[in-house]
Amino acid sequence: MTTKTDLAVTASGLVKLFGENRAVDGIDLEVRRGEIFGVLGPNGAGKTTMLSMLATLLRIDGGEAWVFGVDVIRQPHQVRQLIGVTGQYASVDENLWLFGRLLGLSRIDAQARASTLIGQFGLEEAADRQIATFSGGMRRRLDLAASLIRRPPLIFLDEPTTGLDPRTRGQMWDTIRSLVADGSTVLLTTQYLDEADQLADRVAVIDRGHKVAEGTPDELKTSVGASTLQLRLADPDQLSPASEILERVLRQEPVPTPEAGGLNVALETADQAAEALIALRQGRVSIASVSVAKPSLDEVFLALTGHDTQEHEITDDEMEVAR
């Protein structure tokens, strides 16, 4: 039986109110030790609000939460010793050495840790520059580096790659993977579907303050529909007989693609692809290429939420009022 101390994060019925708005409305969460857990949702879904409550930055208005078995409501100071937080609202106004000193490291240890992190995050060229001159990508990297000075066992990353160029984004992904390889647990919020797909062991989909689904990326893809058999015929003139064969065997009407000789047809199970290909061969239909594709997380997200809301996440002023 799994207990709260076996998990990195446990949340039950989390609620956050801003006036009459239930920004987070009864969310349950379990994050296992040593995994990357993704929280996926559009702007205004409640991702940042939920993370802020778990990180003790916002008061919890309803429900309960624990970090490694430590009560977030009753023991916030102990929780803060177990986590590192970076994202939209974290400060980057101090340098890494000062962060280390503020966290109780000696001068020598703070300098050594700062040097290590500067190298790890590729900030060597900017080490002597004022933070005010940093680009958005450099600020993100410094922000994450600052949160890792104490090597916390649990790291909260709130949309850490927002605004980054593809190269820096890829570097950040590699860093996140290395953190978990070194023994940390990561709770990551994102609105990027590919990021959740690439990084997360499990994903919770959040919309309008509610958790609407949870599972591995593959489980979520499977839950919203069948796989698709994608074919390109060697002879586009065989499109009609190929369609008739596929509809007879699979009991699904194939859909022509814009590409000449292309057909897509839904599969109830991936095993049906073999039946379709055997039937096409027996019907003397030549295939130039074939693939079986699962639904993308884009399709999962649309199926679960049905919209792309532009509602805002909480502002700094709202956070201050709520504390």
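How many Å² does the accessible surface of the protein chain come to, and what percentage belongs to carbon and sulfur atoms? The surface comes to about 16100 Å², and 47% of that belongs to carbon and sulfur atoms. Keep in mind as you click around that this is a predicted model.

**Stop 1: the whole chain**

Start with everything shown as a cartoon. You should find 12 helices and 14 strands. The chain has 323 residues, and buried ones make up 47% of them. Now think about who touches whom. Take the contacts between residues at least 6 apart in sequence: 69% of these join residues at least 24 apart.

**Stop 2: the sheet β2-β1-β4-β5**

Select β2, β1, β4 and β5. These 4 strands make an open sheet in the order β2-β1-β4-β5, with antiparallel pairing. Why do β2 and β5 each have one side without a neighbour in the sheet? Both β2 (21–32) and β5 stand at the edges, and each has a single partner strand, so one side of each is left without a neighbour there.

Next, highlight β1 (residues 7–18) together with β4: they are antiparallel and share 5 bridges. To see one of the bridge pairs, pick Val-15, whose partner in β4 is Gly-62. Helix α1 packs on this sheet and touches β1, β2 and β4, with its direction at about 120 degrees to that of β1.

Stay with α1 and select residues 47–54. Buried or exposed? The helix is mostly covered, with 8 of its 8 residues buried. Among them are Lys-47, Met-50 and Leu-54. Following α1 you'll meet Thr-56, which has a positive phi near 70 degrees.

**Stop 3: a glycine in a loop**

Hop over to Gly-69, in the loop between β4 (62–67) and β5 (70–71). With a relative accessibility of 28%, Gly-69 counts as partly exposed. For a bit of fun, show Asp-6 as well. Gly-69 and Asp-6 are 63 residues apart along the chain, yet their C-alpha atoms are separated by 7.7 Å. Which residues is Gly-69 in contact with, leaving aside its neighbours within four places in sequence? They are Lys-4, Thr-5 and Leu-7.

**Stop 4: strand β9 and its partners**

Select residues 202–207, which is strand β9: 6 of its 6 residues are buried. Before you colour them, here is a handy rule. In a regular strand, side chains alternate between the two faces of the sheet. Now show the side chains of β9. Arg-202, Ala-204 and Ile-206 are on one side, while Val-203, Val-205 and Asp-207 are on the other, and both faces are covered.

Add β3 (residues 36–40), which pairs with β9 in the parallel sense over 4 bridges. Look for Val-39, standing opposite Ala-204. Then add β10 (residues 210–215), which pairs with β9 in the antiparallel sense over 5 bridges. Here, Val-203 stands opposite Gly-215. The two strands β9 and β10 form a hairpin with 2 residues between them, and Arg-208 in the turn has a positive phi of about 50 degrees.

**Stop 5: the sheet β12-β13-β11-β14**

Now select another open sheet of 4 strands, in the order β12-β13-β11-β14, where the pairing is antiparallel. At its edges stand β12 (255–256) and β14 (287–293), each with a single partner strand, so each has one side left without a neighbour in the sheet. Inspect β11 (residues 227–233) and β13 (residues 262–267): they run antiparallel, joined by 6 bridges. Arg-232 has Gly-262 in β13 as its bridge partner. Helix α9 (residues 239–250) packs on this sheet, touching β11 and β13, and its direction makes about 5 degrees with that of β13.

**Stop 6: helix α10**

Finish with residues 272–282. This is α10, lying across β11, β13 and β14 and running at about 25 degrees to β11. Colour its buried residues: Gln-272, Ala-273, Ala-276, Ala-279 and Leu-280. Look down the axis of α10: these residues fall within an arc of 130 degrees, so they line one face of the helix. The spacing has a simple background. An α-helix has 3.6 residues a turn, so residues three or four places apart point the same way.

What covers that buried side includes β11, α9, β13 and β14. On the face turned away from it, you'll find the exposed residues Arg-281 and Gln-282. Last click: Arg-284, just after α10, takes a positive phi of about 60 degrees.

How values were computed
Residues numbered from 1 in each chain as written. Predicted model: local features only at pLDDT ≥ 70, side-chain atom pairs only at ≥ 80, totals over all residues. Heavy atoms only, no water. Buried < 20%, exposed > 50% of the residue type's maximum accessible area, 1.4 Å probe, protein only. Pairing = 2+ DSSP bridges. Contact = heavy atoms within 4.5 Å. Areas by Shrake-Rupley, 256 points an atom, 1.4 Å probe, with all protein chains shown as cover. Axes fitted to C-alpha atoms, helices over the stretch in contact; angles between N-to-C directions. Arc of directions from axis to C-beta.
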